[in-house]
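Hi everyone, thanks for making time for this. I'd like to walk you through a structure that will be new to most of you, so please have a look at it on the screen before I go on.

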Amino acid sequence: MKEVMLAIWVPFLGTTLGSACVFFMKGQLKEKVQKVLSGFAGGVMIAASVWSLLIPAMEMSEESGLGKLAFGPAAIGLMLGVLFLLLLDKLIPHLHVNEDVSEGPKVNLQKSTMLILAVALHNIPEGMAVGVTFAGMLSGDTSITFMGAMALTIGIAIQNFPEGAIISMPVCAAGVSKKRAFLYGTLSGVVEPLGALVTIWLSHYLLGVMPYLLAFAAGAMIYVVVEELIPESAAGEHSNIGTVGFAVGFVIMMILDVALG
């Protein structure tokens, strides 16, 4: 259990290190770099959703006796995750990641705060994904190993690195000091370990619906990728660089999961 408590902070470390890139920043974050970072993060999240969440969810359902209907809990959980993020998007006012923060000082502060809220909001499913995977491992389910759960955790930490940079660097370019921009980027990742802790705690009461929880986290992550990261990687002048970043992120996460799982 001690190892799990330490592991759930690894994604937050990725966000912190990414946010620290602001201290090496000269000028504004280049558009092509931002596209690569967004595409890479999206590729990691999609691969993690498939190999670390949906496949284990279907394996657990199959072991429970559903046979060829093992896709059922995964399909239902995924759609519930999408609907949950859709509801949060509608209810909580925030900026989308690809919206501009480069206006006057007062607007900068307001828009920067809303941008951090947006990323923090979309970090919730990542924290849930880490929490529910470790919860499945702690429950004794053989389809989820500690190293498999660590693969997901490391993958999310890797994609959090560019995510932290995507927050701190544009906010700094908009006029906020580097120290404050770093703090904003770091704070956006705090919800992940907290979300993981809450999910692990709740899972003790929800062991019978673990496949639904895994797929729910996958659906929420997929929503974030399609709603935020893919549009960001394809914004502006036509370029394939975001797609290349997506492919690289997907392959890295796939290798991590297969090699460690």
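Let's begin with one pair of helices: helix 2 and helix 7 are roughly antiparallel to each other. Why do we call them roughly antiparallel? The axes of helix 2 and helix 7 cross at roughly 160 degrees, and an angle over 145 degrees counts as roughly antiparallel, so this pair gets that label. I should say right away that this is a predicted model, so please keep that in mind throughout.

Staying with this pair, the two axes come within 8 Å of each other, and helix 2 passes helix 7 in a right-handed crossing. If you'd like to find the meeting place on the screen, look for Phe12, Thr15, Thr16 and Ser19 in helix 2. Across from them, helix 7 brings Phe182, Gly185 and Thr186. What classes of residue make up this contact? Two are nonpolar, five are polar and none is charged.

Helix 2 itself runs from residue 10 to residue 19, and it is mostly covered, with seven of its 10 residues buried. Those buried residues are Pro11, Phe12, Gly14, Thr15, Thr16, Gly18 and Ser19.

Now let me step back to the whole chain. How many helices and strands does the protein chain have? There are 10 helices and zero strands, and reading along the sequence gives α-α-α-α-α-α-α-α-α-α. The chain has 261 residues, and 53% of them are buried. Take the contacts with a separation of 6 or more: 85% of these are between residues 24 or more positions apart.

On to a second pair, helix 6, residues 146–173, and helix 10, residues 241–260. Their axes come within 8 Å and cross at roughly 160 degrees, and therefore these helices are also roughly antiparallel to each other. The crossing of helix 6 and helix 10 is right-handed. On the helix 6 side, the contact is made by Met147, Gly148, Ala151, Leu152, Ile154, Gly155 and Ile158. On the helix 10 side, you will find Ile252, Met253, Leu256, Asp257 and Leu260. By class, this contact has nine nonpolar, two polar and one charged residues.

Let me pick out one residue from that list, Met253, which sits in helix 10. Is Met253 buried or exposed? Met253 has a relative accessibility of 1%, and since the cut-off for buried is under 20%, Met253 counts as buried. Leaving aside neighbours within four places in sequence, Met253 is in contact with Ala151, Leu152 and Gly155, and also with Val44, Ala47, Ala48 and Ser52. Here is a nice one to trace on the screen: Met253 and Ser49 are 204 residues apart in sequence, yet their C-alpha atoms are 10.0 Å apart in space.

My last stop is Thr199, in helix 8, which covers residues 191–203. Thr199 has a relative accessible area of 14%, so this residue is buried too. Where does a polar atom of the Thr199 side chain find the backbone oxygen of Gly195? The two lie 2.7 Å apart. In general, an α-helix has 3.6 residues a turn, so residues three or four places apart point the same way. Beyond its neighbours within four places in sequence, Thr199 is in contact with Met128, Gly131 and Val132.

That's my tour, and I'm happy to go back to any part of it.

Methods
Residues numbered from 1 in each chain as written. Predicted model: local features only at pLDDT ≥ 70, side-chain atom pairs only at ≥ 80, totals over all residues. Heavy atoms only, no water. Axes fitted to C-alpha atoms, helices over the stretch in contact; angles between N-to-C directions. Helix = DSSP H or I, 4+ residues; strand = E, 2+ residues; numbered from the N terminus. Parallel < 35°, antiparallel > 145°, perpendicular 65-115°, else oblique. Left-handed = near helix turned anticlockwise from the far one by under 90°. Contact = heavy atoms within 4.5 Å. Nonpolar A, V, L, I, M, F, W, Y, C, P; charged D, E, K, R; others polar. Buried < 20%, exposed > 50% of the residue type's maximum accessible area, 1.4 Å probe, protein only. Polar contact = N/O pair within 3.5 Å; in protein donor to acceptor, adjacent residues only side chain to side chain.
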